[in-house]
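Hi everyone, thanks for coming. I'd like to walk you through a protein that's new to most of you, so have a look at it first and then we'll talk.

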Amino acid sequence: MTAEFSSRLRVVKLLRGALIILMTALVPCVLLAAFFARQYLVWVMGFFVGRLLLVRVAFQVWPCPHCGKPFFRAGTWAGPNMFTKRCLHCGLGEVEDQTPS
């Protein structure tokens, strides 16, 4: 496999990791801001909403390194399947040794 192919697969894993980290950190950070620094609650919520929107857009448009179609989105009107481990078009797995079927 080429280096570009491997780096694109790494970005797929990075996107999922960023989503999981943002989702798990959202509740504790909002609760801490609500109890200890209420004046910063809007800023904390804005930070998380902005980052989640960026990750969501990346999920919508990030291409599969094998087929070039969006990795996480099957159709034009369907939302992304953020937790899939395979390309929704060609079946390429996240792990480099998994070849598409």
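Let's start with one residue: in which helix is Arg16 found? Arg16 is in helix α1. When I say helix, I mean a DSSP run of H or I with at least four residues, while a strand is a run of E with at least two, and both are numbered from the N terminus.

Some ground rules before we go on. What you're seeing is a predicted model, where local features need pLDDT of at least 70 and side-chain atom pairs count only at pLDDT 80 or more, though totals for chains, interfaces and linings use all residues. Residues are numbered from 1 along each chain as its sequence is written, and side-chain values use heavy atoms, with hydrogens and water left out.

Now the overall picture. The protein has 2 helices and 0 strands. Of its 101 residues, 31% are buried. Buried here means under 20% relative accessible area, exposed means over 50%, and partly exposed is in between, using a 1.4 Å probe and protein chains only. About 6,700 Å² of the protein is exposed, and carbon and sulfur atoms supply 69% of that; the areas come from the Shrake-Rupley method with a 1.4 Å probe, and for residues only the protein chains shown count as cover. As for contacts, meaning heavy atoms within 4.5 Å, take the ones between residues at least 6 apart in sequence: 46% of them join residues at least 24 apart.

Back to Arg16, then. Is Arg16 buried or exposed? Arg16 counts as buried, because its relative accessibility is 7%. If we skip neighbours within four places in sequence, Arg16 is in contact with Phe59, Phe72, Met82, Phe83, Thr84, Lys85 and Glu94.

Two of those names come up again in the core. The largest nonpolar core has 16 residues, and those with the most contacts inside it are Phe59, Cys64, Phe71, Phe72, Cys87 and Leu92. A nonpolar core, by the way, is a set of buried Ala, Val, Leu, Ile, Met, Phe, Trp, Tyr and Cys residues joined through side-chain atoms within 4.5 Å. Which elements give two or more residues to this core? That would be α1, residues 3-36, and α2, residues 41-61. The largest share, 5 residues, comes from α1. Cys64 is a nice one to click on: leaving out neighbours within four places in sequence, Cys64 touches Arg8, Lys69, Phe71, Cys87, Cys90 and Leu92.

Next, helix α2. It has 21 residues and reaches 31 Å from its first C-alpha to its last, close to the 30 Å expected at 1.5 Å a residue; that expected span is 1.5 Å times one less than the number of residues. The buried residues in α2 are Phe48, Val55, Ala58 and Phe59. Looking down the axis of α2, these buried residues fall within an arc of 105°, so they line one face of the helix. The arc is taken from the directions from the helix axis to the C-beta atoms. Over on the other side of α2, Val42, Trp43, Leu53, Leu54 and Val61 are exposed.

While we're on α2, how many aromatic pairs does a search of the whole structure find? It finds 1. The ring centres of Phe47 and Phe48 are 5.4 Å apart and their planes sit at 85°, so the pair is edge-to-face. For the cut-offs, rings of Phe, Tyr and Trp (its six-membered ring) pair if their centres lie within 6.5 Å; planes under 30 degrees apart are stacked, over 60 edge-to-face, and the rest tilted. Phe48 is buried at 6% relative accessibility, whereas Phe47 is partly exposed at 41%.

Finally, where do the helices meet up with other parts of the chain? Ala25 is in α1, and its C-alpha is 8.9 Å from that of Phe48, 23 residues away in sequence. Ala33, also in α1, is buried at 7%. Beyond residues up to four places away in sequence, Ala33 touches Arg38, Leu41 and Val44.
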